[in-house]
Amino acid sequence: MFKELIVAENAGFCFGVKRAVDTSTDYKEKSKSDIYTFGPLVHNKNVVDHLRQKGINEVDINNLDKLNDKDTVIIRSHGVSPQVMEQIKNTGAEVVDATCPYVLAIHKRVKKYYEQGYQIVIVGDKNHPEVVGSNGWCDNTAIITKDGEGLVISAPKVCIVAQTTEKKANFEKVIEVVSKQCKEVVTFNTICSATKERQTSAEDTAKTVDVMIVVGSRSSSNTTKLYEICSKHCENTIFIDNGSEIPKWLFESENIKKVGITAGASTPDWIIQDVLEKLRGYLEK
Ligand code: SF4
């Protein structure tokens with residue numbers, strides 16, 4: 001039994017992920033066609049299993065040939081390049097674009113400045129699907145860097161954007177490196193506040209509790225990051241995928257008074273609610 005249960009202010013699905021998941025389930029309900037998502041909608045097994053049970057499966061660039069004009073493909077929040085979009089459309093399938101509007105804004109800037117002759121620099125992870133998609137909007141000519149280390153720029157005009165989940169410190173480092181080499185540098189801080197907000201409120205909560213619970217998939221990088229942050233401030237931080245993984249000792253220890261909970265941007269509300277319901281059963285009345 002414990003006395004208090006504190007839920008971090010910003011926890012769970014971000015706006016863009018929620019929109020993509022809702023779009024797919026809404027389409028499935030009103031459409032008779034087979035619904036596919038282009039790649040997994042989120043890095044969370046519970047969500048992927050839930051969508052599969054509803055008959056929403058995945059397709060990727062290597063098996064587009066299984067699509068036909070009776071199918072519908074949902075583009076996830078990470079977005080895609082215009083070339084990939086074209087390939088999907090060429091299958092005859094209907095395409096529903098659930099790219100997060102914040103990512104669409106990056107595509108527009110990359111395209112606009114590339115067409116004006118700027119060298120595009122993207123601060124982020126070169127293998128992340130969002131970055132791969134954004135690079136397509138400048139014909140895959142972007143220089144992609146994590147923190148500007150070893151970066152040599154010969155172009156006279158440079159436009160810098162960031163992956164939406166990138167650290168601000170890395171973005172600023174790249175601006176510094178590029179500004180020393182080029183006269184004309186245009187920068188857009190395209191980092192999304194959802195990640196930062198989740199990290200700040202998880203940290204604030206972890207500082208005040210005896211046990212901190214992070215809910216989400218171990219394959220989700222943003223949830224793993226939350227776990228790392230919480231662990232720094234609360235030595236009893238635990239990582240669970242869903243309510244069935246809540247450890248027994250949590251309910252048996254007499255030293256635990258306050259329990260905190262947070263969840264990654266890819267953790268659905270129904271999983272968070274299930275965990276909360278189980279925990280509330282052990283709150284002192
Ligand atoms: S983290 Fe931000 S940019 Fe990415 S999907 Fe969520 S709301 Fe959109």
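A residue counts as buried when its relative accessible area is under 20%, as exposed when that area is over 50%, and as partly exposed in between. With that in hand, welcome to a set of close-up views of a predicted model.

**Figure 1. The whole chain before we zoom in.** Of the 285 residues of the protein chain, 50% count as buried. The fold is built from 10 helices and 12 strands. Taken along the principal axes, the C-alpha atoms fill a box of roughly 65 × 55 × 25 Å. Contacts between residues at least 6 apart in sequence often reach far along the chain: 70% of them join residues at least 24 apart. The views below include several pairs of residues to look for.

**Figure 2. The ligand and the residues around it.** Here the ligand takes up the space of the largest pocket. Around the ligand you will find Cys14, Gly16, Ser77, Cys100, Tyr102, Thr164 and Cys192. Sorted by class, this shell holds four nonpolar residues, three polar ones and no charged residue. Cysteine and tyrosine count as nonpolar here, and glycine as polar, so Cys14, Cys100, Tyr102 and Cys192 make up the nonpolar part of the shell.

**Figure 3. A salt bridge along helix α4.** The model has 12 salt bridges in total, and this view shows one of them, between the side chains of glutamate 115 and lysine 111. The N to O distance is 3.1 Å. Both residues belong to helix α4, which covers residues 101-115. They sit four residues apart, about one turn of the helix. Glutamate 115 is exposed, because its relative accessible area of 56% is over 50%. Lysine 111, at 35%, counts as partly exposed.

**Figure 4. A salt bridge between two loops.** Now look at lysine 146 and glutamate 166, whose side chains meet in a salt bridge with an N to O distance of 2.7 Å. This pair links distant parts of the chain, with the two positions 20 residues apart in sequence numbering. Lysine 146 is in the loop between β7 (143-145) and β8 (157-162), while glutamate 166 is in the loop between β8 and α6 (168-181). Is glutamate 166 buried or exposed? Glutamate 166 is buried, because its relative accessible area of 6% falls under 20%. Its partner, lysine 146, is partly exposed at 42%.

**Figure 5. A salt bridge along helix α6, and a network elsewhere.** Glutamate 176 and lysine 180 form a salt bridge, with their closest N and O atoms 3.6 Å apart. Both lie in helix α6, four residues apart, about one turn of the helix. Glutamate 176 has a relative accessible area of 49% and is partly exposed, whereas lysine 180, at 67%, is exposed. Salt bridges that share partners also join Lys45, Asp49, Arg52 and Glu58 into one network.

**Figure 6. Lysine 3 and its partners from far along the chain.** Lysine 3 lies in the segment before β1 (4-7). The residue is exposed, with a relative accessible area of 52%. Which residues does lysine 3 contact, leaving aside its neighbours within four places in sequence? The contacts are Lys257, Leu283 and Glu284. Valine 259 is worth finding too: its C-alpha atom is 8.3 Å from that of lysine 3, although the two residues are 256 apart along the chain.

**Figure 7. Two positive phi angles in the loop between α5 and β7.** Most residues other than glycine have a negative phi. Aspartate 139 is not a glycine, yet its phi is positive, at about 55 degrees. Asparagine 140 likewise has a positive phi, of about 60 degrees, without being a glycine. Aspartate 139 lies in the loop between α5 (129-136) and β7, and asparagine 140 lies in the loop between α5 and β7 as well. Aspartate 139 is partly exposed, with a relative accessible area of 46%.

**Figure 8. Glutamate 277 on helix α10.** Our last stop is glutamate 277, which lies in helix α10, spanning residues 269-280. Its relative accessible area is 61%, so glutamate 277 counts as exposed. Look also for glycine 243: the two residues are 34 apart in sequence, and their C-alpha atoms are 8.7 Å apart in space.

Note on methods. Residues numbered from 1 in each chain as written. Predicted model: local features only at pLDDT ≥ 70, side-chain atom pairs only at ≥ 80, totals over all residues. Heavy atoms only, no water. Salt bridge = Lys/Arg side-chain N within 4 Å of Asp/Glu carboxyl O. Buried < 20%, exposed > 50% of the residue type's maximum accessible area, 1.4 Å probe, protein only. Near = heavy atom within 4 Å. 1 Å grid on protein atoms, 1.4 Å probe; cavity = no way out; pocket = protein on both sides within 12 Å on 5 of 7 lines; lining within 4 Å. Sits in = over half its atoms within 2 Å of the grid points. Contact = heavy atoms within 4.5 Å.
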